[in-house]
Amino acid sequence: MLSRIIALLLVLCGTAIAADEFTLYELLPPESHQFAITYDVTATHEGSQFFFNPIRPGSVATKESVLERSTGKALQFEVVTGKEAKAAGLLPAETKDDAQFIKVHLLGPVPKGGETRIRIIKTYTDAASYFLKDGQLVFERPLGIKRNVVVLPRGWELVECASPAIVSNCRR
């Protein structure tokens, strides 16, 4: 419980000092191959009425919800293909047509010089990136943004990390 409180504090404090992206990964029991994701991001593209969040190939997204962070209001969303997402004009032409995205409907267009802060919550199932090997928990996933927190399941500890990290051990 304490580790979840610390992770939440990191989320709250981190978003107070930066408007850029932040992801919290909460690893669920390894035999489930699931991890909960809380992704905070700020939409800044003037006039945009949508935000597109990619669903990684090989991952199955469930338990999705989206909030507008300044009001706490739930935002409408749907899963669309890359072809549908590109039609909005917000993604590069080289985006694959069969890619999957969460299309978030913003409360209104992003104003000139303004922003819309959103939180996307989802659970991924991905056996290729989160699994047990020789009795060790493996979370092998490229982290595409700069600010991430990974919370291990109770009873596990970090023994190797391929990225620069700050490691905190909270035991109760």
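**Close-up views of a predicted model**

Phe 35, a residue to keep in mind when moving through the views that follow, has a relative accessible area of 0% and therefore counts as buried, since the cut-off for that class is under 20%. The model is a predicted one.

**View A. The protein chain as a whole, with its helices and strands.** The protein chain contains 2 helices and 10 strands, and a reader who follows the sequence meets them in the pattern α-β-β-β-β-β-α-β-β-β-β-β. The protein chain has 172 residues, of which 35% count as buried. Among the contacts in the protein chain with a separation of 6 or more, 68% join residues that lie 24 or more positions apart.

**View B. The aromatic pair formed by Tyr 25 and Phe 35.** Across the whole structure, a search finds 8 aromatic pairs. In the pair of Tyr 25 and Phe 35, the ring centres are 6.2 Å apart and the planes meet at 55 degrees, so the pair is classed as tilted. Because Tyr 25 belongs to strand β1 and Phe 35 to strand β2, the pair ties together parts that are 10 residues apart in sequence. Tyr 25 has a relative accessible area of 5% and is buried, and Phe 35, at 0%, is buried as well. Both residues belong to one aromatic cluster, which is formed by Tyr 25, Phe 35, Tyr 124, Tyr 130 and Phe 139.

**View C. Leu 27 and the residues that it touches.** Leu 27 is placed in strand β1 and, with a relative accessible area of 4%, it is buried. When residues up to four places away in sequence are not counted, Leu 27 touches Gln 34, Phe 35, Tyr 130, Leu 137, Phe 139, Val 150, Val 151, Leu 152 and Pro 153. Of these contacts, Phe 35, Tyr 130 and Phe 139 also appear in the aromatic cluster shown in View B. Leu 137, another residue that Leu 27 touches, is 110 residues from Leu 27 in sequence, while the C-alpha to C-alpha distance between the two is 9.9 Å.

**View D. The second largest pocket and its lining.** This pocket holds about 300 Å³ of space. It is lined by 14 residues, and those closest to its centre are Tyr 39, Asn 53, Pro 54, Arg 56 and Ile 145. Four strands, β1 (22-27), β2 (34-43), β3 (50-55) and β7 (116-125), each supply at least two residues of the lining. Sorted by class, the lining has 7 nonpolar, 3 polar and 4 charged residues.

**View E. Arg 56, one of the lining residues closest to the centre of the second largest pocket.** Arg 56 is found in the loop between β3 and β4 (60-68), and its relative accessibility of 26% makes it partly exposed. With residues up to four places away in sequence set aside, Arg 56 touches Tyr 25, Tyr 124, Arg 141, Pro 142, Leu 143 and Gly 144. Two of these, Tyr 25 and Tyr 124, are members of the aromatic cluster in View B. Measuring from C-alpha to C-alpha, Arg 56 and Gln 100 are 7.5 Å apart in space, although 44 residues separate them in sequence.

**View F. Glu 78 and Lys 103, with the ring of Phe 50.** Glu 78 is found in strand β5 (residues 77-81) and is partly exposed, with a relative accessible area of 31%. Apart from residues up to four places away in sequence, Glu 78 touches Phe 101, Ile 102, Lys 103 and His 105. Lys 103, one of these, lies over the face of Phe 50, at 4.2 Å from the ring centre. Glu 78 and Phe 52 are 26 residues apart in sequence, and their C-alpha atoms are 9.8 Å apart in space.

**View G. Positive phi values at His 33 and at Lys 63.** Most residues other than glycine have a negative phi. At His 33, phi is near 60 degrees, a positive value in a residue other than glycine. His 33 lies in the loop between β1 and β2 and counts as partly exposed, at 25% relative accessibility. At Lys 63, phi is likewise positive, near 55 degrees. Lys 63 has its place in strand β4 and is exposed, with a relative accessible area of 61%.

How values were computed: Residues numbered from 1 in each chain as written. Predicted model: local features only at pLDDT ≥ 70, side-chain atom pairs only at ≥ 80, totals over all residues. Heavy atoms only, no water. 1 Å grid on protein atoms, 1.4 Å probe; cavity = no way out; pocket = protein on both sides within 12 Å on 5 of 7 lines; lining within 4 Å. Points joined across faces, edges and corners; volume = space filled by probe spheres on them. Nonpolar A, V, L, I, M, F, W, Y, C, P; charged D, E, K, R; others polar. Phe/Tyr/Trp six-rings, centres within 6.5 Å; stacked < 30°, edge-to-face > 60°. Buried < 20%, exposed > 50% of the residue type's maximum accessible area, 1.4 Å probe, protein only. Lys NZ or Arg CZ within 6 Å of the ring centre and 35° of its normal. Contact = heavy atoms within 4.5 Å.
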